[in-house]
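Good morning, everyone. Please have a look at the chain on the screen before I start talking about it.

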Amino acid sequence: MEKRYFNKEIETMGREEMKALQSERLVAQVKHVWENVPYYRGLMEKKGVTPDDIKGIEDLHKLPFLSKADLRDQYPYGLLGTDLENCVRIQSTSGTTGRRVVAFYTQHDIDLWEECCARAIVAAGGDKGDVCQVSYGFGLFTGGAGLNGGSHKVGCLTLPMSSGNTERQIQFMMDLGATILCCTPSYAAFIGESLKEAGYKPEDNKLKAGIFGAEPWTEEMRRDIERSLGIKAFDIYGLTETSGPGVAFECEEQNGMHINEDHFIAEIIDPDTGEVLPEGEKGELVFTSLTKEAFPLIRYRTRDITMLTRERCSCGRTLVRMKKPMGRSDDMLIIRGVNVFPSQIETVLLKEGYTPNYQIVVDRVKNTDTLDVYVEMNPESFSDVVGDIAGDADKLASAMKTMLGITPKVHLVAPKTITRSEGKAVRVIDNRKLHD
């Protein structure tokens with residue numbers, strides 16, 4: 001089979017040539033940030049580094065890290081790298097305690113991001129003869145916008161469906177002959193189940209590939225989706241902070257995601273010491289955006305734990321590969337594609353007059369994440385009237401939905417029934433089998 005690339009020159013570039021390109025872009029980006037982002041310049045000055053100290057990627061380790069806390073502290077404009085009049089769009093993450101991460105884009109930024117997504121679509125076998133159904137959410141979330149633009153760049157007929165309304169999804173999929181499906185893996189599994197319930201067999205649809213990301217999923221789940229939809233399922237990785245999906249993508253080998261190294265330098269560090277680890281070792285993933293104009297992040301700590309490999313790939317791409325994230329170095333959970341922190345739940349409880357004695361239980365039922373929150377009632381509000389308790393639980397679930405963006409199932413329990421811990425409280429029980 002002929003190997004296809006969206007940008008063959010970049011995707012198959014030799015290592016030394018790529019290092020030279022990255023070095024040239026890093027030097028220019030550090031100068032750009034120094035001159036346009038006073039906050040990051042302050043971090044550099046504190047570390048005693050100036051742009052003159054950065055001659056190439058071998059000097060990257062000299063630069064200070066950025067964390068999500070920095071992004072929240074500088075909300076909304078503190079990390080903007082260009083005049084606001086040059087920006088044409090924002091995208092945003094879900095907020096934790098009211099402060100969201102807002103990422104800005106120039107038109108140039110959007111063009112480059114869409115090319116990264118186009119590379120992912122072509123790596124999954126897509127071309128201008130395909131019908132690409134984009135069922136990621138649209139709006140502030142990056143999933144829909146990124147794959148929609150990437151599909152246009154490839155030249156596919158694009159169905160910008162967004163998520164939900166599964167009956168309509170299936171109608172368009174069948175009537176218009178969708179060949180590539182882009183959505184979260186849990187939604188892909190749900191579409192597969194819905195097709196079966198509607199009496200369709202896998203061979204009845206024209207799908208050949210799916211590009212699934214925004215939440216953790218296992219190899220077992222991949223195979224289930226592939227069987228139920230009759231497709232090959234590809235992983236995609238991205239962060240709103242660095243642009244969105246398309247930072248890295250799987251090829252036909254389905255063994256790690258190729259990082260678009262002309263736009264992003266990846267490092268693996270020890271999450272405790274910040275020391276850069278050798279290739280092949282497991283640690284925290286750090287990204288430097290080489291080409292972003294409006295929101296240029298340098299050494300951004302993703303908190304995702306993974307490893308990198310430069311082993312030769314049968315697809316012919318020379319871009320470094322990252323393994324599926326194996327966990328996180330913070331307490332963030334990804335539930336149905338939404339970032340959830342225990343601190344968000346604590347904030348709601350205190351605001352609603354509850355004690356911060358709670359426990360979060362996450363599970364996966366029929367390939368869909370479930371979120372249960374067990375909350376102790378105050379002794380004075382503890383009531384035997386079941387209707388009152390149910391009403392209070394619904395009210396609390398609604399308040400949590402406003403904060404989290406997804407609805408948990410809230411269980412109000414009697415005082416002192418959640419096990420106390422001698423050390424750090426066990427706030428989260430994650431029963432999902434996310435790693436094989």
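I will begin with the whole chain and then go through a few places in it.

This is a predicted model. The protein has eleven helices and 20 strands. Its radius of gyration is 23 Å, and the globule rule gives 22 Å for 436 residues, so the protein is as compact as a globular protein of that length. If you lay the C-alpha trace along its principal axes, the spans are about 70 × 60 × 45 Å.

How much of the protein is buried? Of the 436 residues, 54% count as buried. The accessible surface comes to about 19200 Å², and carbon and sulfur atoms hold 50% of that. As for contacts with a separation of 6 or more, 66% are between residues 24 or more positions apart. On charge, there are 54 positive and 66 negative side chains, and the centres of the two sets lie 1 Å apart.

Now to the strands. Strand S5, residues 180–183, pairs with S6 in the parallel sense, over four bridges. Within that pair, isoleucine 180 stands opposite alanine 209 in S6. Which way do the residues of S6 point? Ala209 and Ile211 point one way, Gly210 and Phe212 point the other way, and all are buried.

Next come S7, S8 and S9. Strand S7, residues 232–239, and S8 pair in the antiparallel sense over four bridges. They form a hairpin with four residues between them, and serine 243 in the turn has a positive phi of about 155°. On the other side of that turn, S8 goes on to pair with S9, again in the antiparallel sense, over three bridges. Phenylalanine 249 appears in both pairings: isoleucine 236 stands opposite phenylalanine 249 in S8, and phenylalanine 249 stands opposite histidine 258 in S9. Why call S8 largely enclosed by the rest of the structure? Because seven of the seven residues of S8 are buried.

The hairpin of S8 and S9 has six residues between the strands. Glutamine 254 is in that loop, and has a positive phi of about 50° although it is not a glycine. Is glutamine 254 buried or exposed? Its relative accessible area is 15%, and the cut-off for buried is under 20%, so glutamine 254 counts as buried.

Asparagine 165 also has a positive phi of about 50° without being a glycine. That residue lies in the loop between strand S4 and helix H7. Asparagine 165 has 45% relative accessibility, so it counts as partly exposed.

One peptide bond deserves a mention. The bond from tyrosine 75 to proline 76 is cis, with omega near -5°. Proline 76 is in the loop between helix H4 and strand S1.

Last, isoleucine 335, which is in strand S15, residues 333–335. Its relative accessible area is 0%, so isoleucine 335 is buried. What is isoleucine 335 in contact with, leaving aside its neighbours within four places in sequence? The partners are Val340, Val362, Asp369, Leu371, Ile406 and Arg432. Aspartate 363 is 28 residues away from isoleucine 335 along the chain, and their C-alpha atoms are separated by 9.4 Å.

That is the end of my part.

Conventions: Residues numbered from 1 in each chain as written. Predicted model: local features only at pLDDT ≥ 70, side-chain atom pairs only at ≥ 80, totals over all residues. Heavy atoms only, no water. Helix = DSSP H or I, 4+ residues; strand = E, 2+ residues; numbered from the N terminus. Rg over C-alpha atoms; globule rule 2.2 N^0.38 Å. Buried < 20%, exposed > 50% of the residue type's maximum accessible area, 1.4 Å probe, protein only. Contact = heavy atoms within 4.5 Å. Areas by Shrake-Rupley, 256 points an atom, 1.4 Å probe, with all protein chains shown as cover. Lys, Arg positive; Asp, Glu negative; His and termini not counted. Charge placed at Lys NZ, Arg CZ, Asp CG, Glu CD. Pairing = 2+ DSSP bridges.
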